[in-house]
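User: I am new to this structure and should be grateful for a close look at a single part of it. Please set that part out step by step and then place it beside its surroundings.

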Amino acid sequence: MDWISPRQLNRLGMLNMNRRNVDYIARYNDRSSYPLVDNKLQTKLVVAEYGVKTPELLQIVRQQHEISHFREMAEDLGGFAIKPAKGSGGKGITVITGRDDDAYIKASGARVDADYLKRHLTNILAGLYSLAGTPDVAIVESLVESAPEIARYSFQGVPDIRIVVFQGYPVMAMLRLATKASDGKANLHQGAVGVGLDIGTGRSLNAVQFNRPISLHPDTGLALENIQIDAWQEMLEMASRCYEATGLGYMGVDLVVDANRGPLLLELNARPGLAIQMANGRGLLPRLRTIEALKRPHFIPQERATFAMDTFAAL
Amino acid sequence: MTSRSRLPFYIAVFLLIAAGISLAIWRHMELGIPWLTGEQRPIWMVEARVDFDARDDSVLASLNVPEQPPGFRVLSEQAASPGYGFSVIEKSGSRRAEWSKRQASGPQTLYFKAQFIPEPSAEPTPPLRPPKARKVFWEEPQATAVREILDQATARSSTPESLTRELIRLMQPDTRTQNTTLLVAEENYLRLLEDMLNHAGIPARTADGLKLEDARRRQQLTPFLQIYNGERWLTFDPKTAEQGVPENLLLWRQGAGSLLDVIGADNSEVGFSILRQTVPALQLATMQFESKGLGFLSFYELPIEEQSMFRMLLLLPLGAFVVAFMRMVIGIRTSGTFMPVLIAVAFVQTTLVPGLIAFLAVVSIGLLMRGYLSSLNLLLVSRISALIILVIFITAGMSIIGYQMGFNTGMTVTFFPMVIIAWTIERMSILWEEEGGREVLIQGAGSLFVAICAYLLMSAPLAGHLTFNFPELHLVVLGLILLMGQYTGYKLSELKRFTPMKVYD
């Protein structure tokens with residue numbers, strides 16, 4: 001068995017689960033803001049007021065009887081995604097990429113009929129995928145067309161960028177690439193690849209899968225060393241603006257880059273995981289403490305993003 | 001914001017823990033509840049045997065029995081005397097056991113047994129009205145002799161105690177003067193002392209003591225002198241003038257009454273047998289609860305059924321503590337936060353191995369059935385409801401089949417909380433679909449491990465003893481859990497998880 005000593009972890013400034021919960025989530029995240037981020041529909045509506053773009057909302061299915069009209073509603077749509085508003089960890093998300101006569105084609109290539117989608121909607125409304133099993137609302141969004149320069153690294157699925165935002169400052173970022181093991185989902189503990197991103201430049205640092213360092217994507221075989229995210233500052237500013245929108249002091253902001261519309265907010269997370277530190281090879285604590293020690297915090301998202309880019313690359 | 005003071009929190013936790021421990025210590029001292037389970041305490045079993053020859057007539061025997069003997073507490077009393085009516089009567093400051101029979105003839109034997117707990121601090125309650133010195137008349141020439149001796153003793157003393165000591169010393173053979181020789185005859189010595197003290201204005205009386213030695217039979221009482229110093233009765237050895245009741249001396253009779261009165265019989269005599277016994281200290285403590293003010297704070301006042309329920313309930317905090325420790329400090333993943341505690345409680349009732357087998361069997365059969373349910377695409381509530389019914393079927397089936405095959409242990413599955421098991425199966429099944437069998441194994445094994453740890457702690461006899469007899473110790477557990485809630489250090493599992501970070505150090 002291989003172990004790392006607590007002293008080494010301290011030296012690296014690794015944030016751990018207990019400290020994250022006690023010193024950051026419990027202290028900086030107001031409980032009343034949780035429903036806002038746990039409900040994708042509300043998140044969409046709130047961040048829109050702060051100029052944060054999200055995938056286009058096509059439909060909201062709130063009631064059981066609305067499902068029977070689903071076929072008419074979906075008539076003109078090419079590709080779309082059905083999501084439970086209160087789902088977590090990508091549960092219950094069905095992505096339809098195209099049509100073939102009456103059948104719908106899923107992202108995996110499987111064909112399903114309208115009844116399948118109706119049943120799926122019923123399950124969502126009944127709360128099958130919601131956090132506490134409470135009744136839910138299904139939202140239908142337009143499909144994100146991932147920008148090809150990043151998308152090629154991912155095995156199926158849309159790669160997303162997780163940015164941890166502390167008191168409005170983007171502190172750490174990583175690119176999450178789906179793999180065969182993660183079943184097309186960009187979820188790290190299901191086996192997705194996490195690629196740490198330099199907060200100053202948006203260039204890739206290290207990559208991990210299942211907490212172990214790797215240098216090549218296990219399925220696409222592409223080197224993960226020289227990935228560059230475009231419009232990096234714009235993305236950091238976007239993440240930063242979510243702080244004003246939600247008031248959450250410590251959160252994870254999940255962004256995707258759409259080929260046509262640029263960066264879009266996918267969802268917010270009030271309890272972002274710790275694996276981002278391993279993807280970056282850096283601990284979060286030095287950066288978090290720098291912000292806690294700031295005597296005069298910046299009030300403009302742009303200034304905060306610039307501050308983060310200038311300061312944290314060295315930490 | 002890191003500088004926000006946590007001092008008040010730590011003070012509160014400290015107070016909580018201190019309150020729990022000090023309350024426990026206080027109750028230990030006050031009620032004598034032992035810290036350990038097996039602790040034994042000595043008690044003295046004294047049996048008084050009264051023998052007499054009845055004259056073929058009605059018989060009334062009356063034996064003085066101890067009331068608040070200094071240094072002891074009476075635990076129990078009982079009389080054995082076939083054919084006799086028996087009662088304990090309290091009158092004019094003495095307790096008497098009275099036997100009565102309309103017609104009796106020939107040799108008769110009556111027994112009176114009592115158990116005494118040594119308790120050095122036990123003191124008789126002071127009399128309500130201070131006793132008065134008895135008036136004694138002396139004839140000449142004794143009157144002169146008494147006066148002279150008393151004058152001599154008074155001159156050398158200042159208090160009733162010192163006067164008594166001086167008087168006893170003056171009456172000893174080696175210091176005897178003419179005056180004392182005139183007064184003292186061997187058989188009236190104690191009576192004389194008592195009279196002289198009363199004459200001097202000090203209330204005095206005699207008492208009879210029993211020397212407690214293990215396995216003695218046919219013991220007789222030895223006489224002692226008691227004087228009243230204005231506050232309480234003091235005991236003196238009439239020969240050595242030593243003050244106080246010697247160790248292991250039980251004052252069987254104190255006060256004016258005689259030791260034994262028998263009406264309607266001859267040749268009456270009383271003898272004592274003594275036996276030293278040991279009883280569990282806990283049993284002793286519970287027997288005394290009623291007599292002590294703190295007794296009402298104990299669970300022993302409740303009906304037995306509620307007691308056994310509380311025995312179980314009071315173990316739960318320990319289980320919660322184990323879960324908190326395992327999750328927050330060790331970092332073991334469990335399925336459902338407190339499911340392991342409930343499983344552990346079930347294990348306590350089923351014992352470990354049968355419980356483990358039954359639990360695994362129910363859960364795995366349930367998982368198979370849940371697989372079918374999931375293909376039915378049911379809504380959540382009805383799926384869980386169906387699962388609860390299935391779990392009940394499984395346990396019923398296992399009980400019946402197990403019983404038919406001759407395993408009584410099959411019946412123990414009924415101790416498992418059905419709803420919790422149904423939820424466990426549901427959660428495991430979802431976990432299986434979403435994260436795969438590996439995660440199910442990890443969390444399932446983690447849950448079982450924590451449950452077994454909790455079981456081992458909860459089933460320890462000491463744990464049951466302490467939680468039930470010192471419920472205030474739960475304040476300590478509460479304090480520790482609160483402290484753990486503030487633990488921001490690394491979990492043991494994180495030292496493993498973050499190992500790849502070594503290369504960046």
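Analyst: The account below looks closely at chain A and then turns to chain B and the contact between the two.

The model is predicted: local features are described only at pLDDT of at least 70 and side-chain atom pairs count only at pLDDT 80 or more, while totals for chains, interfaces and linings use all residues. Residues are numbered from 1 along each chain as its sequence is written, and chains are lettered from A and ligands numbered from 1 in the order in which they are written.

Chain A contains 11 helices and 13 strands. Helices here are DSSP runs of H or I with at least four residues, strands are runs of E with at least two, and both are numbered from the N terminus. The radius of gyration of chain A is 20 Å, close to the 20 Å given by the globule rule for 315 residues, so chain A is as compact as a globular protein of that length. That radius is taken over C-alpha atoms, and the globule rule is 2.2 Å times the number of residues to the power 0.38. Along the principal axes, the C-alpha atoms of chain A fill a box of roughly 60 × 45 × 40 Å.

Of the 315 residues in chain A, 47% are buried. A residue is buried if 20 or more other C-beta atoms lie within 10 Å of its own, exposed if 12 or fewer do, and partly exposed in between, with C-beta atoms placed from the backbone. Two residues are in contact if their C-beta atoms, placed from the backbone, lie within 7 Å. Among the contacts in chain A between residues at least 6 apart in sequence, 63% join residues at least 24 apart.

Chain A is assigned domain 1 (13-53 + 147-314) and domain 2 (57-142); such bounds come from an automatic or database domain assignment. The centres of domain 1 and domain 2 of chain A, taken over C-alpha atoms, are separated by 27 Å. Where they touch, 9 residues of domain 1 of chain A are in contact with 12 residues of domain 2 of chain A. On the domain 1 side, helix H4 (residues 40-48) of chain A gives the most, with 3 residues. By class, that side of domain 1 of chain A has 1 nonpolar, 4 polar and 4 charged residues. In this scheme Ala, Val, Leu, Ile, Met, Phe, Trp, Tyr, Cys and Pro count as nonpolar, Asp, Glu, Lys and Arg as charged, and the others, Gly among them, as polar.

Chain A also holds an open sheet of 6 strands in the order E1-E6-E2-E3-E4-E5, with antiparallel pairing. Two strands pair if DSSP finds at least two bridges between them. The edge strands, each pairing on one side only, are strand E1 (57-61) and strand E5 (111-112) of chain A. Within the sheet, strand E2 (residues 80-84) and strand E6 (residues 138-142) of chain A run antiparallel and are joined by 5 bridges. One bridge partner pair is A:Pro84 with A:Ala138 in E6(A).

A backbone detail of chain A lies at A:Asn211, in the loop between strand E10 (204-209) and strand E11 (212-214) of chain A. Most residues other than glycine have a negative phi. The phi of A:Asn211, however, is near 65°, a positive value in a residue other than glycine. A:Asn211 is partly exposed, with 17 other C-beta atoms within 10 Å.

Chain B may now be set beside chain A. The contact between the chains takes 25 residues from chain B and 30 residues from chain A. On the chain B side, the elements that give two or more residues are helix H12 (418-435) and helix H16 (492-497) of chain B. H16(B) gives the most to that side, with 4 residues. The chain B side divides into 11 nonpolar, 6 polar and 8 charged residues.

Chain B is assigned domain 1 (40-132 + 203-298) and domain 2 (307-498), and the C-alpha centres of these two domains of chain B lie 57 Å apart. Strand E9 (residues 249-254) of chain B is mostly covered, with 6 of its 6 residues buried. Strand E5 (residues 204-211) of chain B runs antiparallel to E9(B) and is joined to it by 5 bridges.
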